[in-house]
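Colleague: Could you show me how to read contacts that involve aromatic rings? I would love to go through them slowly.

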Amino acid sequence: NPPLFQNEFLKQEGWPIMTKRIVTVLLVLCMIIGLVPALSGCSSLQYDSLPDSYNAETDYPQMFYRSAVGPYVTPSENGYYFIAGSFIYYMDQANLNPVILCGRPECQHELETDPEKVWKCNGYISTVGINFIQYYEKSLYVIGYDIENTALQKKFFLYRFSPDGKSREVVRQINGEEAVQMSAIHRGYFYQYTRDENSQYHLWRMPLDKDDPADEIYTSPQNTVYSELYFWGNQIYISEWHPDESNVYRGQIEAYNVESNSTEILLTNKINDGHYSISGIDENKIFFQYYQFAEDSNIDPSQVFSYDLKTGEQDFVGSIPVESGTYPTLLRSTQEWIVSQESNTEDYEELSRMLLILDDNFETKRELSLSYLPKRYSIAPGDDKYAFIWYWDATYTYCLDVVDKQDKWTPQNILKKTFDELNPYVVIPR
């Protein structure tokens with residue numbers, strides 16, 4: 001029966017009892033229907049109305065992409081979050097001073113010497129190498145282990161943090177059995193790209209607002225050597241290198257449409273042992289380079305091509321101004337192209353490392369020496385203000401450099417921490 005105050009109200013109006021009940025039911029239904037859009041953070045209508053182009057508020061920040069599991073740096077309204085070791089950091093865009101995401105005055109953060117207190121820091125997250133972090137629709141999402149629950153230890157979870165780090169909650173348990181190649185949040189869904197023991201890639205999709213089982217929406221052929229994802233608008237572009245029916249390895253670019261759940265092959269490389277590398281997407285065009293692994297390769301990796309997403313036309317757009325014998329990696333920034341260049345020498349330790357800044361005509365605007373970097377480093381083009389470089393130096397110290405695009409692209413080191421500082425010994429009380 002309805003609450004007493006509703007019965008009394010209807011009695012005062014003098015309505016028949018059947019009418020009273022019908023009105024009550026309709027009122028409740030209207031309230032529920034009205035609340036659904038507000039309660040659902042991933043209403044399909046919210047994303048269906050978006051254009052098929054990049055939308056910063058709902059889309060994966062592709063320009064912060066790292067070539068492993070996901071971005072190490074993620075942008076927010078006024079700053080950036082990143083993971084270093086077992087801690088989440090935040091830095092304001094104005095001063096670039098990184099601080100651990102914890103406001104507890106008594107907390108010692110990474111300086112805590114008591115192993116039973118380290119994990120209580122609000123900014124502590126047991127990532128164990130899966131350094132996924134993404135700021136999305138006013139919340140921060142991070143992958144980590146559940147270190148408190150013995151039964152759930154060594155299980156991967158997607159956590160949702162408040163922007164200040166004061167609260168965290170489990171969104172869902174995620175795949176931890178297969179090798180994770182990439183994780184991303186894009187237009188209301190969490191995606192994971194995994195690789196199994198047969199060198200077969202699997203793309204999984206899970207809603208953020210409910211704990212539905214993961215849907216496998218794409219599977220690559222077996223023995224796929226190379227595969228990467230590029231999120232853009234309603235599409236997930238898949239660039240991979242796998243054997244065809246004749247067991248000849250060829251490159252291919254496909255487009256998976258997140259609205260229609262359909263896949264379309266856009267490009268197939270007709271050259272043996274050749275594959276594509278997507279450099280960026282801009283104005284309805286995919287920009288890419290060719291690579292060929294054969295020793296007698298006649299492919300020039302400095303050449304850049306475009307594929308028109310509307311007409312399907314493929315064009316040569318320019319060449320990266322690099323010396324012969326180098327392997328340039330082209331990345332799209334907000335207003336220009338970034339080229340990470342490595343000379344092809346026999347001794348990998350003696351590689352000549354350069355950073356080139358090019359305009360849209362592939363003319364060099366600026367040239368920077370990166371000779372101070374170790375042999376392994378990662379670059380994210382970032383936004384219109386900063387690019388980011390992270391690496392481990394010779395002393396096994398984690399470093400994060402910021403490149404100021406408005407100040408002659410000058411690199412500035414903002415974090416330098418040893419492995420032990422970032423990964424303190426932890427004991428969980430039982």
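**Rings and their partners**

Modeller: Gladly! Start with a charge and a ring: the charged end of Arg205 sits over the ring of Tyr189, 4.8 Å from the ring's centre. Keep in mind that this is a predicted model.

Colleague: Which residue lies over the face of Trp337?

Modeller: That is Arg332, at 4.8 Å from the ring centre.

Colleague: And how many aromatic pairs does a search of the whole structure find?

Modeller: The search finds 31 aromatic pairs. Take Phe64 and Tyr80: their ring centres are 6.3 Å apart and their planes meet at 40°, so this pair is tilted. Phe64 belongs to the loop between helix H3 (44–48) and strand S1 (73–75), while Tyr80 is in strand S2 (residues 79–84), so the pair links parts of the chain 16 residues apart.

Colleague: Are Phe64 and Tyr80 buried or exposed?

Modeller: Both of them are buried.

Colleague: Why is the pair of Phe87 and Tyr124 called edge-to-face?

Modeller: Planes over 60 degrees apart count as edge-to-face. The planes of Phe87 and Tyr124 are at 80°, with ring centres 5.7 Å apart, so the pair earns that label. This pair also links distant parts of the chain, 37 residues apart: Phe87 is in strand S3 (residues 87–92) and Tyr124 in the loop between strand S4 (99–100) and strand S5 (133–136).

Colleague: How do I read burial for these two?

Modeller: Buried means under 20% relative accessible area. Phe87 has 0% and therefore counts as buried; Tyr124, at 7%, is buried too.

Colleague: Which residues form one aromatic cluster?

Modeller: Tyr276, Phe288, Tyr290, Phe305 and Phe316 do.

Methods. Residues numbered from 1 in each chain as written. Predicted model: local features only at pLDDT ≥ 70, side-chain atom pairs only at ≥ 80, totals over all residues. Heavy atoms only, no water. Phe/Tyr/Trp six-rings, centres within 6.5 Å; stacked < 30°, edge-to-face > 60°. Helix = DSSP H or I, 4+ residues; strand = E, 2+ residues; numbered from the N terminus. Buried < 20%, exposed > 50% of the residue type's maximum accessible area, 1.4 Å probe, protein only. Lys NZ or Arg CZ within 6 Å of the ring centre and 35° of its normal.
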